[in-house]
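Please open the model in your viewer with the sequence panel alongside, and keep a selection tool ready. The tour below goes from the whole chain to single side chains, with a suggested selection at each stop.

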Amino acid sequence: MTAMTRERFDYLAQAYGGDLRRWPEIEREGARALAADDPQAAALLREADDLDALLDAAPRVAASHALREQVIAAAAGAGLGRRRRGGIGVMAWLSGAGWAAAACAGAFFGVVLTSQMTADIRADAVLYQASLTGADDTEVLGG
């Protein structure tokens, strides 16, 4: 186990709150040790716990049935809830065309980049093989 830094402790307290049971299990032991040894870390934990209490005390807001019906009616009025019979809708065709274009672009760039990389690799291999079978400097210059 590595020692927890105050910065990491602060990040986890903001992310998971003041109850260490909500923290990732692997972080809990280090957090307990730091909170016990460092008064500032303990204060951060208390502040996070206070914020948790405020959030838990906040009223739960639920949409009324009338609001729900209003949203559904607005969506239907915008054409979001309509089902067409006898074929695929325009949005389905456009969505499919977008995916097809993205797939074609990916295949094209993959082929282009692969052929360029293959050409570079072939050139390197030819140069390497030439250096193995060719005359070296000592043979040419006499050494």
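Colour the chain by relative accessible area to begin with: of the 143 residues in the protein, 15% are buried. This is a predicted model, and everything described here is computed from its coordinates. The accessible surface comes to about 11900 Å², and 61% of that area belongs to carbon and sulfur atoms.

Switch next to a cartoon coloured by secondary structure, where you will find six helices and zero strands, so that the pattern along the sequence reads α-α-α-α-α-α. If you also draw a contact map, consider the contacts between residues at least 6 apart in sequence: 52% of them join residues at least 24 apart.

**First stop: the nonpolar core**

Select M4, F9, L12, A13, L20, W23, A31, L34, A35, A41, L45 and A48, and show their side chains; these twelve residues form the largest nonpolar core. The elements that contribute two or more residues to this core are α1, α2 and α3. As a general background to this view, nonpolar side chains in soluble globular proteins tend to be buried together.

Keep the core on screen and add E27 and G30 to the selection, which, together with A31, L34 and A35, are the buried residues listed for α2. The buried residues of this helix pack against α1 and α3.

**Second stop: F9 and its surroundings**

Centre the view on F9, which sits in helix α1 (residues 6–16). Is this residue buried or exposed? Because its relative accessibility is 0%, below the 20% limit used for the term, F9 counts as buried.

Now select what touches this side of the helix: apart from its neighbours within four places in sequence, F9 is in contact with M4, W23, A31, L34, A35, A41, L44 and L45. One of these, A41, can be examined from its own side, where, with neighbours within four places again left aside, the contacts are F9, L34 and A35. For a distance across the chain, pick the C-alpha atoms of F9 and A42, which are 33 residues apart along the chain and separated by 9.9 Å.

Which two rings form the aromatic pair here? The structure holds one such pair, and it consists of F9 and W23 in a tilted arrangement, with 5.3 Å from centre to centre and 55° between the planes. Since F9 lies in helix α1 and W23 in the loop between α1 and α2, the pair ties together parts that are 14 residues apart in sequence. Both F9 and W23 are buried.

**Third stop: the salt bridges**

Hide the nonpolar side chains and show the charged ones; the count of salt bridges comes to five, and three of them are worth selecting in turn.

Begin with R6 and D38, whose closest N and O atoms are 2.8 Å apart. R6 lies in helix α1, whereas D38 lies in the loop between α2 (25–37) and α3 (39–57), so this salt bridge ties together parts that are 32 residues apart in sequence. The two partners can be told apart by exposure: R6 is partly exposed at 36% relative accessibility, while D38 is buried, with a relative accessible area of 12%.

Move then to D52 and R22, whose side chains meet in a salt bridge at 3.5 Å, N to O. This pair links distant parts of the chain, with D52 in helix α3 and R22 in the loop between α1 and α2, 30 residues apart. D52 is buried at a relative accessible area of 12%, and R22 is partly exposed at 44%.

Finish this stop with R68 and E69, which form a salt bridge with the closest N and O atoms 3.2 Å apart. Here R68 counts as partly exposed at 48% relative accessibility, and E69 counts as partly exposed at 36%.

**Last stop: a nonpolar surface patch**

Turn on the molecular surface and select F108, F109, V112 and L113. These residues form a nonpolar patch on the surface, with about 410 Å² of accessible area together. To place the patch within the fold, follow the cartoon to F109, which is in helix α5 (residues 90–133).

Note on methods
Residues numbered from 1 in each chain as written. Predicted model: local features only at pLDDT ≥ 70, side-chain atom pairs only at ≥ 80, totals over all residues. Heavy atoms only, no water. Patch = residues over 30% accessible without salt bridge, like charges linked within 9 Å, V, L, I, M, F, W, Y side chains within 5 Å. Areas by Shrake-Rupley, 256 points an atom, 1.4 Å probe, with all protein chains shown as cover. Salt bridge = Lys/Arg side-chain N within 4 Å of Asp/Glu carboxyl O. Helix = DSSP H or I, 4+ residues; strand = E, 2+ residues; numbered from the N terminus. Buried < 20%, exposed > 50% of the residue type's maximum accessible area, 1.4 Å probe, protein only. Contact = heavy atoms within 4.5 Å. Phe/Tyr/Trp six-rings, centres within 6.5 Å; stacked < 30°, edge-to-face > 60°. Core = buried A, V, L, I, M, F, W, Y, C linked by side-chain atoms within 4.5 Å.
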